[in-house]
Amino acid sequence: MAEFRAATPDQSAFLAELVGQRLLIATSVPGLYGRGGEFEDVRLRVAAMVTAAAAAEAPEQMSFPPVLPRRDLESVGYLKSFPHLAGSIFAFEGTESEAAEQYQRASRHEDWDEYQSMTDLVLTPAACYPVYPAVAARGRLPAGGITVDAGSAYVFRREPSGDPARLQMFHQREIVRIGEPALVEAWRDVWRDRAVSLLSSLGLHAVLDLASDPFFGRSGRMLAASQREQALKFEVLAPIAGPEPTAVASFNYHHDHFASVYGIELTDGTRAHTACLGFGLERITLALFAAHGLDPQAWPAEVRGELW
Ligand code: ZN
């Protein structure tokens, strides 16, 4: 069982309010919620705001299911950095009598994992992952590279928690830039600043911060330190609940990591660089409910003007 992170009292209270107002719909598993109509309406409007902000770049649209070939997770080294967050898909493989035993055990809520085998699928942990092999398959990039809008994809992180801002399955609104190193880094910087103004225009107290990923274990602490030192990751933080503000968007410069895994090349045959930005749609939606109250009809006119 993954370690359960307990919520602070104000996070628990906020979750109870969200469920009470049917904005979130509880299940029997912490961090796994349905979304009520009003929550979903706000979430989709936040996504549309990002789409509008990206429109001038005319990104190519690609959308993928929330499941990834297992091979891709292996190739990009996810299991080295984040073994604790990954989710892999298993399925039944066996005889009729084993199927009957599996059913009997499952009916009693006993273990039935011995009848399950690993498949060639894993849950997608980041919305940009399927984009890199898809772009690599086309051959060399055109001059100036490519910008891909990876849509609003469901992603999975195995981190059960009582904090409504820490979900096991949530939507990332991701855009990916692949091309010459200077272009890619400049693009990341433009979006970093643009995100702060977009979120501020929604009445959120949005601040930019240098960040690192939640790498696993002792070697992970070194990876995190080097990521900070090279300023590869930035996050925009906004208050939701709890003592610290929560990361609601992130801006990541990967150098040639994904390009070398998949062989993505520039026109001259040298390796491309990549960057991605991800808006956490549920977290931004939660930050809006936390800042302006649980009834969107009563939100400030400026905020409603931006979203409606
Ligand atoms: Zn990404």
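Over the ring of which residue does the charged end of R192 sit? That residue is F234, and the charged end of R192 is 4.3 Å from the centre of its ring. The legends below describe close-up views of a predicted model.

**View 1. Two arginines sit over aromatic rings.** The charged end of R192 is placed over the F234 ring. F234 belongs to a face of β10 on which V236 and A238 are buried as well. In the second case, R304 lies over the face of W308. Here the distance to the ring centre is 4.3 Å. W308 is partly exposed, at 35% relative accessibility.

**View 2. A zinc ion is held by C128, E174 and C276.** Each cysteine gives its SG atom, and E174 appears twice through OE atoms. These protein donors lie 2.2 to 2.7 Å from the zinc ion. Angles among the four donor atoms run from 51 to 128°, and the site is irregular. A tetrahedral label would need all angles between 85 and 135 degrees. Along the chain, the donors follow the spacing C-x45-E-x101-C. E174 lies in strand β8 (residues 169-179) and C276 in strand β12 (residues 273-280), so this pair ties together parts that are 102 residues apart in sequence. E174 and C276 are both buried.

**View 3. Aromatic pairs, tilted and edge-to-face.** The structure holds ten aromatic pairs. One of them joins Y78 and F82. Their centres are 5.0 Å apart, with 45° between the planes, and the pair is tilted. Both partners are buried: Y78 has a relative accessible area of 4%, and F82 has 10%. W299 and W308 make an edge-to-face pair, because their planes stand at 75° with ring centres 6.1 Å apart. W299 counts as buried at 3% relative accessibility, whereas W308 counts as partly exposed at 35%.

**View 4. One aromatic cluster takes in the Y78 and F82 rings.** Its other members are Y129, Y132, F215 and F258.

**View 5. Seven strands form an open sheet with mixed pairing.** The strand order is β3-β7-β8-β12-β11-β10-β9. Strands β3 (60-61) and β9 (207-210) stand at the edges. Each has a single partner strand, so one side of each is left without a neighbour in the sheet. Strands of a sheet pair through backbone hydrogen bonds, either parallel or antiparallel.

**View 6. The β3 end of the sheet, with β7 and β8.** Strands β3 and β7 run parallel and are joined by two bridges. E60 has V148 in β7 as its bridge partner. On to β8, the pairing with β7 is antiparallel, with nine bridges. D149 has I175 in β8 as its bridge partner. Strand β7 (residues 146-156) has nine of its eleven residues buried, so it is largely enclosed by the rest of the structure.

**View 7. The β9 end of the sheet, with β10 and β11.** Four bridges link β9 and β10 in the antiparallel sense. Within this pairing, V207 stands opposite L237 in β10. Strand β10 (residues 233-238) also pairs with strand β11 (residues 246-253), in the antiparallel sense over six bridges. Across that pairing, E235 faces S250 in β11, and L237 stands opposite A247. L237 thus appears in both views of pairing, opposite V207 and opposite A247.

**View 8. Strand β10 is covered on both faces.** On one side, K233, E235 and L237 are buried. On the other, F234, V236 and A238 are buried too. Six of the six residues of β10 are buried, so the strand is largely enclosed by the rest of the structure. In a regular strand the side chains alternate between the two faces of the sheet.

**View 9. Helix α5 and the residue H109.** Helix α5 (residues 96-107) has twelve residues. At 1.5 Å a residue it should span 16 Å, and its end C-alpha atoms are 16 Å apart, which agrees. Just after α5, H109 takes a positive phi of about 55°.

**View 10. L223 in helix α8.** Helix α8 covers residues 217-229. L223 is partly exposed, with a relative accessible area of 31%. P181 is 42 residues from L223 along the chain, and their C-alpha atoms are separated by 21 Å.

Key. Residues are numbered from 1 along each chain as its sequence is written. This is a predicted model: local features need pLDDT of at least 70, side-chain atom pairs count only at pLDDT 80 or more; totals for chains, interfaces and linings use all residues. Side-chain values use heavy atoms; hydrogens and water are left out. Donors are N, O and S atoms within 2.8 Å of the metal (3.2 Å for Na, K and Ca); water is not among the atoms, so sites may look incomplete. Four donors count as tetrahedral if all angles lie between 85 and 135 degrees; four count as square planar and six as octahedral if opposite donors are over 155 degrees apart and all others between 65 and 115; anything else is irregular. Buried means under 20% relative accessible area, exposed over 50%, partly exposed in between (1.4 Å probe, protein chains only). Rings of Phe, Tyr and Trp (its six-membered ring) pair if their centres lie within 6.5 Å; planes under 30 degrees apart count as stacked, over 60 as edge-to-face and the rest as tilted. A charge sits over a ring if NZ of Lys or CZ of Arg is within 6 Å of the ring centre and within 35 degrees of the ring normal. Two strands pair if DSSP finds at least two bridges between them. The expected span of a helix is 1.5 Å times one less than its number of residues.
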